[in-house]
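Reader: I am new to this structure and would like a close look at a single part, with each term explained as it comes up. Which part would you choose, and how do its side chains meet the rest of the chain?

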Amino acid sequence: MTNQSAGDTWVSAHMGLGPRPLARTVDVTVASVARMYDFLLRGKDSYPADRVACDMLKAVVPNAVALVEAQRAFSLAAVDRLASQHGVRQFLDFGCGLPAWVNTHQVARYSRVVYIDKDPMVVAHGRALLDEGGRTAVVQGDLLEGDDLLARRQVSALIDFERPVAVMMTSVLQCVPDDENPAMALRSLLDRLAPGSYLVLSQWVSEEPDTRDRVAQVMHGSTAGAWGQVRTRAAVDGFFDELTLMEPGLGDVSSWARARSASDQPRGVFEYGGVGQIQR
């Protein structure tokens, strides 16, 4: 219970104060969301604290492994469609996580990709493993930094904001609580993008308040507050306001990746989202 109290105190102290300070060192005694995802995807870059947190999470969300697998498949399927069918050649991959067997730039060949994550271990591993001869960059950053992030040399050297960009934001906003106004930060980012740009977004949702609260308790306590919230479908729909949705629309992303609409809405927790285009 000590971790939970510390996490709650940390979150309360930083509510509404803009972007959280970015960690510069790796604390292996506190679970990391990125390392937890890596463990759930059968990766090798986790520590005991991450594995304990995953066990606690699976007690609340038994389908946790299926959720992270669905998110990964959705992200890569969206990248493939945008690159191969819609000619997108620029990607901003927020919350990219630890490098996997297949990553955004390997699917979106001949494209420029900026990977962005606030976890220092992700950044260190990314810079070692994702270098593609000037086509990629790995930046430690946060959506809440706004224009300061987009103005960084590593970003501006690769991304031309006068041309369409695909913003990848899968399983990212669930790490940002409503008190930090992720909707406003996201809208500010999208307002900077050229017409024809895309948003690829998904996150954990549940229509069951008790389930949302139980996940928050586990994740806030395990990660010392580096978590936001499971949301409702309606809350995630709001992130796509003023965007034109790509078929098959918003829904369980495991159905989206197969290019068909979900026939029903799962109970418990599921990965919900879709792809929208800016057409102003």
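Author: The answer below looks closely at one loop and its side-chain pairs, and then turns to other salt bridges.

This is a predicted model, in which local features need a pLDDT of at least 70 and side-chain atom pairs count only at pLDDT 80 or more, while totals for chains, interfaces and linings use all residues. Residues are numbered from 1 along each chain as its sequence is written, and side-chain values use heavy atoms, with hydrogens and water left out.

The pLDDT, which is the predictor's confidence in each residue on a scale from 0 to 100, averages 89 over the protein, and 88% of the residues score at least 70. Over residues 1-17, however, the pLDDT is below 50, and where pLDDT is low, the predicted coordinates should not be read in detail.

The chosen part is the loop between α10 (209-223) and α11 (233-238), which holds Trp227; helices (H or I, at least four residues) and strands (E, at least two) are DSSP runs, numbered from the N terminus. Trp227 forms an aromatic pair with Trp204, their ring centres being 6.2 Å apart and their planes at 70 degrees, so the pair is edge-to-face. Rings of Phe, Tyr and Trp (its six-membered ring) pair if their centres lie within 6.5 Å, and planes under 30 degrees apart count as stacked, over 60 as edge-to-face and the rest as tilted. Because Trp204 lies in strand β5 (residues 198-205), the pair ties together parts that are 23 residues apart in sequence. Both tryptophans, Trp204 and Trp227, are buried, where buried means under 20% relative accessible area, exposed over 50%, and partly exposed in between (1.4 Å probe, protein chains only).

Arg231 lies in the loop between α10 and α11 as well, and it forms a salt bridge with Asp178, the closest N and O atoms being 2.9 Å apart. A salt bridge is a side-chain nitrogen of Lys or Arg within 4 Å of a carboxyl oxygen of Asp or Glu. Asp178 sits in the loop between β4 (166-170) and α9 (182-191), 53 residues from Arg231. Arg231 is buried at 3% relative accessibility, whereas Asp178, at 46%, is partly exposed.

In the whole structure, seven salt bridges are found. One of them joins Asp142 to Lys118, with 3.8 Å between the closest N and O atoms; Asp142 is buried at 6% relative accessibility, and Lys118 is partly exposed at 27%. Another brings together Arg152 and Glu145 at 2.7 Å, N to O.

Key:
Contact = heavy atoms within 4.5 Å.
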